[in-house]
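The report that follows describes a single protein chain, moving from its overall fold to its charged side chains and then to individual positions. Please keep the sequence and the model at hand while reading.

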Amino acid sequence: MTDQHHIFLSYRSLEDEFALKLAADLKNLGFNLWMDRLDGIQSGDDWRCSIENALTPQVCAAVIAVISPDYLRSQYCRNEMARASRLGIPIYPVLLHSIPDTAWPIEIERIQYIDFKSWRSEHVYQGL
């Protein structure tokens, strides 16, 4: 991954506590991460354009999708995942809350996810 490429963190704003923790940990490990709330969208930016620009193969190496029932109900989150899939950007699902088998988005239903349902337990979180 070159310096200009980043990992895009796709999450539902209702789950920002987990997303911010994950983002901080990944950044501390040296990953170049794009997250709207950290340094992705600046005051005065058109947030839709910022997201669209961050989700292009020229700058985005991968997407981490924080999957939950709320994520799946969000049209914006679903659009981010569909865009990444259409453009051939790899998607890495992180399961935050259980969802029914029939609710898995087609873009990721055959991709192995990382189970973070017990993320509040520091022992479990650090083991993942």
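## Burial and surface

A residue is called buried when its relative accessible area is under 20%, exposed when that value is over 50%, and partly exposed in between. By this criterion, 39% of the 128 residues of the chain count as buried in this predicted model. The accessible surface of the chain comes to about 7,500 Å², and carbon and sulfur atoms account for 49% of that area.

## Fold and dimensions

The chain contains six helices and five strands, and read from the N terminus these elements follow one another in the order β-α-β-α-α-β-α-α-β-β-α. The radius of gyration is 14 Å, close to the 14 Å that the globule rule gives for 128 residues, so the chain is as compact as a globular protein of that length. Measured out along its principal axes, the C-alpha trace spans about 35 × 30 × 30 Å.

Contacts between parts that are distant in sequence are well represented: among the contacts in the chain with a separation of 6 or more, 66% involve residues 24 or more positions apart.

## Charges and salt bridges

The chain carries 12 positive and 17 negative side chains, and the centres of these two sets lie 4 Å apart. Six salt bridges are present in the structure, and three of the pairs are described here, beginning with one that joins two helices.

Aspartate 16 forms a salt bridge with arginine 37, with the closest N and O atoms 2.5 Å apart. Because aspartate 16 belongs to helix H1 (residues 16-28) and arginine 37 to helix H2 (residues 36-40), the pair ties together parts that are 21 residues apart in sequence. Both partners fall into the intermediate accessibility class, since aspartate 16 is partly exposed at 23% relative accessibility and arginine 37 is partly exposed at 42%.

## Salt bridges within helices

Within helix H1, lysine 21 and aspartate 25 are four residues apart and are therefore separated by about one helical turn. These two residues form a salt bridge in which the closest N and O atoms are 3.9 Å apart, a value that falls within the 4 Å cut-off for such a pair. Lysine 21 has a relative accessible area of 25% and is partly exposed, and aspartate 25, with a relative accessible area of 25%, is likewise partly exposed. The pair also belongs to a network of salt bridges that links Lys21, Asp25 and Glu122.

A further pair lies in helix H4 (residues 69-73), where aspartate 70 and arginine 73 are three residues apart, about one turn of the helix. Their salt bridge has its closest N and O atoms 2.6 Å apart. The two partners belong to separate accessibility classes, for aspartate 70 is partly exposed with a relative accessible area of 25%, whereas arginine 73 counts as exposed at 61%.

## Positions outside the helices and strands

Glutamine 4 lies in the segment before strand E1 (6-10) and is exposed, with a relative accessible area of 54%. Leaving aside neighbours within four places in sequence, glutamine 4 is in contact with Asn32, Gln58 and Val59. The C-alpha atoms of glutamine 4 and alanine 61 are 9.4 Å apart in space, although the two residues are 57 residues apart in sequence.

Asparagine 32, one of the contacts of glutamine 4, is found in the loop between H1 and strand E2 (33-34). Asparagine 32 is partly exposed, with a relative accessible area of 32%, and its C-alpha atom is separated by 6.3 Å from that of isoleucine 7, which lies 25 residues away along the chain.

## The loop between E4 and E5

Alanine 103 is placed in the loop between strand E4 (91-95) and strand E5 (114-115), and at 28% relative accessibility it counts as partly exposed. Alanine 103 and proline 69 are 34 residues apart in sequence, while their C-alpha atoms are 8.5 Å apart in space.

Technical notes:
Residues numbered from 1 in each chain as written. Predicted model: local features only at pLDDT ≥ 70, side-chain atom pairs only at ≥ 80, totals over all residues. Heavy atoms only, no water. Rg over C-alpha atoms; globule rule 2.2 N^0.38 Å. Buried < 20%, exposed > 50% of the residue type's maximum accessible area, 1.4 Å probe, protein only. Contact = heavy atoms within 4.5 Å. Areas by Shrake-Rupley, 256 points an atom, 1.4 Å probe, with all protein chains shown as cover. Lys, Arg positive; Asp, Glu negative; His and termini not counted. Charge placed at Lys NZ, Arg CZ, Asp CG, Glu CD. Salt bridge = Lys/Arg side-chain N within 4 Å of Asp/Glu carboxyl O.
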